[in-house]
Amino acid sequence: MVNSSKIPVIAIDGPSASGKGTVARLVAQRLGFHFLDSGALYRLVTLAAIKAGIELDEEAALARLVATLDVRFENDDVFSNQELVTDAIRAEQIGVGASQMAALPAVRTALLARQRAFRQPPGLVADGRDMGSVVFPDAALKIYLTADVEERARRRHKQLIEKGMDDNMTTLLQDIRARDERDRARAVAPLQKSDDASVLDTTRLTIDAAVEQVLARYAVAKRVP
Ligand code: C5P
């Protein structure tokens, strides 16, 4: 058995719609590493809860749901109970619900082991809010990836339009601000830049430039024991 602490992790945390998912996925591809989109797990639990008629504040029932949740990531797709849910979990209402549910400690604890199971050779790139602070505190590199809130709303708007889910920019901006606020203010695993994370502001960076930045920082981090 491989000692999992020897498997390198790149943790990329940051606020909603900062582009961390896209950047993390590309970095994983470039390095031939596995990829964990932890937000997708929170979104999946939300979707499954709605389908099962569980309210998003029923902590114990939600934690039980996590334990039985059937999840499969395949290339860029996400399946739950054999059902393709890639687009369904991206709906803005699911993101808002996920951020409410994510404040519940029992849900976060129930998701811990599932997230850590993604740490497989030769390495993992994980994106979320608490990858560097809670889930993989021994990550080889921790990035706090961010961008101005208006730029993030524009990116999310474009992403939703591409998926055929139009949304109003003003509402989106409000949603993103409210989500940032909730993610930062919660008592458990709040979104925050940890001292050992390095900031990458992508407001004026292309995706490719952001990917190169992460790869360059990883190359440096690898050399430091
Ligand atoms: O990253 P994404 O927007 O898909 O995440 C949806 C929600 O799930 C976030 O707003 C956040 O509240 C929650 N989340 C979390 N911890 C993570 C990943 C996501 O609390 N590691």
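**Exercise 1. The ligand and its surroundings**

How far is an oxygen atom of the ligand from an N or O atom in the side chain of arginine 179? Then describe the shell around the ligand.

*Solution.* The model is predicted: local features need pLDDT of at least 70, side-chain atom pairs count only at pLDDT 80 or more, and totals for chains, interfaces and linings use all residues. Residues are numbered from 1 along each chain as its sequence is written, and side-chain values use heavy atoms, with hydrogens and water left out.

Step 1. Begin with the polar contacts, where a polar contact is a pair of N or O atoms within 3.5 Å; within protein, one must be able to donate a hydrogen and the other to accept it, and residues adjacent in sequence count only if both atoms are side-chain atoms. For arginine 179, the distance from a side-chain N or O atom to an oxygen atom of the ligand is 3.0 Å. The corresponding distance for arginine 43 is 2.6 Å, and for aspartate 183 it is 2.7 Å.

Step 2. Consider how far the ligand is covered. On its own, the ligand has 450 Å² of accessible area, of which the protein covers 98%. Accessible areas come from the Shrake-Rupley method with a 1.4 Å probe; for residues, only the protein chains shown count as cover.

Step 3. Identify the shell, in which a residue counts if one of its heavy atoms lies within 4 Å of the ligand. The ligand is surrounded by 17 residues, and the closest are Arg43, Arg108, Arg129, Asp130 and Asp183. Nine residues of the shell are charged, four are polar and four are nonpolar. Here Ala, Val, Leu, Ile, Met, Phe, Trp, Tyr, Cys and Pro count as nonpolar, Asp, Glu, Lys and Arg as charged, and the others, Gly among them, as polar.

Step 4. Assign the shell to helices. At least two shell residues come from each of α2 (38-52), α4 (92-101) and α8 (169-185). The helix that gives the most is α2, with four residues. Helices (H or I, at least four residues) and strands (E, at least two) are DSSP runs, numbered from the N terminus.

**Exercise 2. The sheet of three strands**

Determine the order of the strands in the open sheet of three strands, and describe its hairpins.

*Solution.* Step 1. The order is β3-β4-β5, with antiparallel pairing; two strands pair if DSSP finds at least two bridges between them. The edge strands, each pairing on one side only, are β3 (71-74) and β5 (83-84).

Step 2. Four bridges link β3 to β4 (residues 77-80), and valine 71 is opposite serine 80 in β4. Between β4 and β5 there are two bridges; phenylalanine 79 has leucine 84 in β5 as its bridge partner.

Step 3. The hairpin of β3 and β4 has two residues between the strands, and asparagine 75 takes a positive phi near 50° there. The hairpin of β4 and β5 also has two residues between its strands, with asparagine 81 in the turn at a positive phi of about 50°.

**Exercise 3. The sheet of five strands**

State the strand order in the open sheet of five strands, and find the helix α2 on the sheet.

*Solution.* Step 1. The order is β2-β6-β1-β7-β8, with parallel pairing. Its edge strands are β2 (34-37) and β8 (198-201), each of which pairs on one side only.

Step 2. Helix α2 packs on this sheet and touches β2 and β6 (124-128); its direction makes about 45° with that of β2. Contact means heavy atoms within 4.5 Å. Axes are lines fitted to C-alpha atoms, for helices over the stretch in contact, and angles run from 0 to 180 degrees between N-to-C directions.

Step 3. Strand β7 (residues 141-146) is joined to β8 by four bridges, and threonine 146 stands opposite aspartate 201 in β8.

Definitions and conventions: A residue is near a molecule or strand if one of its heavy atoms lies within 4 Å of it.
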